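Biologist: Before we talk about details, could you put the sequence and the model side by side, so that I can follow each answer on the screen?

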Amino acid sequence: MERDNLLIAINHVFKTIKEKTLIEDFSLSVNKGDFISIIGPSGCGKSSLIRLLARLDSPSKGEITYPKNINISCVFQDAALIPWLNVFENINLAIPCNATKTKISAKNKVEEILSLVKLSGFESYFPHELSGGMKMRVSIARALVSDPQLLLMDEPFSSLDEIVRNELQDDLWDYWSTKKVNIFFVTHSISEAVFLSQKILIFNRQTIEYKECQSVRTPLFRFNPNYLNEVSELSNRLRSYV
Ligand SMILES: Nc1ncnc2c1ncn2[C@@H]1O[C@H](COP(=O)(O)OP(=O)(O)O)[C@@H](O)[C@H]1O
Ligand SMILES: [Mg+2]
């Protein structure tokens with residue numbers, strides 16, 4: 001039963017860069033639908049793990065196994081939109097080229113995804129005409145337009161103000177709870193990690209700890225005592241690593 005639910009197996013993975021061991025004997029079974037946040041001090045290897053999961057880099061030792069033909073998308077801190085393409089074109093570019101991609105199906109898909117990220121009507125805008133939050137929404141739309149099974153997000157909301165950030169957190173959580181896509185989400189914000197995910201990987205320079213969050217989201221989850229307790233417990237734990 002457990003095996004049917006398994007999406008990714010990370011088996012005894014090591015990553016060494018320039019003789020510095022960033023990841024040492026790390027194993028994790030990732031179940032379908034897991035939303036896993038990654039937190040820890042700067043320079044401890046969080047982005048390196050994302051690069052391994054994205055298959056942009058290979059482990060020094062060990063292996064990561066995926067289902068055949070898994071579809072992976074990434075979102076980074078910089079929205080990295082192509083400046084001379086408008087919103088529609090930036091997203092359209094990410095639709096996989098295959099026989100089913102007709103002009104009409106692509107247009108419908110981009111419109112569907114723009115509505116999901118609350119940007120309907122902005123198709124013809126260019127990146128320089130958008131706010132930081134809107135650019136990030138386009139970046140997320142570009143990642144979602146190929147219906148990924150695995151979404152890797154490396155500090156996507158770090159440069160946004162708190163109000164926009166909270167909105168994007170709510171929308172990302174709604175998307176995840178509807179689609180049950182797998183998400184790895186790197187953040188420096190402990191409250192963001194506890195808000196979004198049920199599972200948290202805590203990098204502490206020597207090891208990677210694994211924590212499950214018990215809290216259940218409600219409309220006023222950010223004010224829920226269980227949530228605040230989890231944030232405070234995790235803050236104390238991280239402080240002890242510095
Ligand atoms: N391609 C690379 N070449 C040299 N050093 C690297 C490379 N990638 C990462 N590092 C180093 O590895 C360490 C961890 O980097 P990173 O995974 O980006 O950390 P984090 O995302 O936790 O801040 C850093 O000290 C960084 O300088
Ligand atoms: Mg990083």
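Biologist: How do the residues of the shell around ligand 1 divide into nonpolar, polar and charged?

Modeller: This is a predicted model, in which local features need pLDDT of at least 70 and side-chain atom pairs count only at pLDDT 80 or more, while totals for chains, interfaces and linings use all residues. The shell around ligand 1, taken as residues whose C-beta atom, placed from the backbone, lies within 6 Å of the molecule, consists of Ile17, Lys18, Leu22, Ser42, Gly43, Cys44, Gly45, Lys46, Ser47 and Ser48. Ala, Val, Leu, Ile, Met, Phe, Trp, Tyr, Cys and Pro count as nonpolar, Asp, Glu, Lys and Arg as charged, and the others, Gly among them, as polar. On that basis the shell divides into three nonpolar, five polar and two charged residues.

Biologist: Which helix gives the largest share of the shell around ligand 1?

Modeller: Residues are numbered from 1 along each chain as its sequence is written, and chains are lettered from A and ligands numbered from 1 in the order in which they are written. Helices (H or I, at least four residues) and strands (E, at least two) are DSSP runs, numbered from the N terminus. The largest share, three residues, comes from the helix at residues 46–53, namely H1.

Biologist: On the open sheet of order S2-S1-S4, which strands does H1 touch?

Modeller: The pairing here is antiparallel, where two strands pair if DSSP finds at least two bridges between them; S2 (20–31) and S4 (61–65) each have a single partner strand, so one side of each is left without a neighbour in the sheet. The twist averages 15 degrees from one strand to the next, with axes fitted to C-alpha atoms (for helices over the stretch in contact) and angles running from 0 to 180 degrees between N-to-C directions. The direction of H1 makes about 125 degrees with that of S1. By the contact criterion, C-beta atoms placed from the backbone within 7 Å, H1 touches S1, S2 and S4.

Biologist: In the open sheet of six strands, what angle does the direction of H1 make with that of S7?

Modeller: The order is S5-S6-S7-S3-S8-S9 with mixed pairing, and S5 and S9 stand at the edges with a single partner strand each, so one side of each lacks a neighbour in the sheet. Neighbouring strands are turned by 15 degrees against each other on average, direction ignored. H1 packs on this sheet, touching S3 (35–39), S6 (150–154), S7 (182–186) and S8, and its direction makes with that of S7 an angle of about 155 degrees.

Biologist: In the hairpin of S8 and S9, which residue takes a positive phi?

Modeller: Five bridges join S8 (residues 199–203) to S9 (residues 208–212), and the two run antiparallel; within this pairing, Ile200 stands opposite Lys211. Four residues lie between the strands, and the positive phi, near 75 degrees, is taken by Arg205.

Biologist: As what does Phe76 count, with 17 C-beta neighbours inside 10 Å?

Modeller: Phe76 belongs to S5 (residues 72–76), and it touches Asp154 and Pro156 when residues up to four places away in sequence are not counted. A residue is buried if 20 or more other C-beta atoms, placed from the backbone, lie within 10 Å of its own, exposed if 12 or fewer, and partly exposed in between. Because Phe76 has 17 such neighbours, it counts as partly exposed.

Conventions. Contact = placed C-beta atoms within 7 Å.
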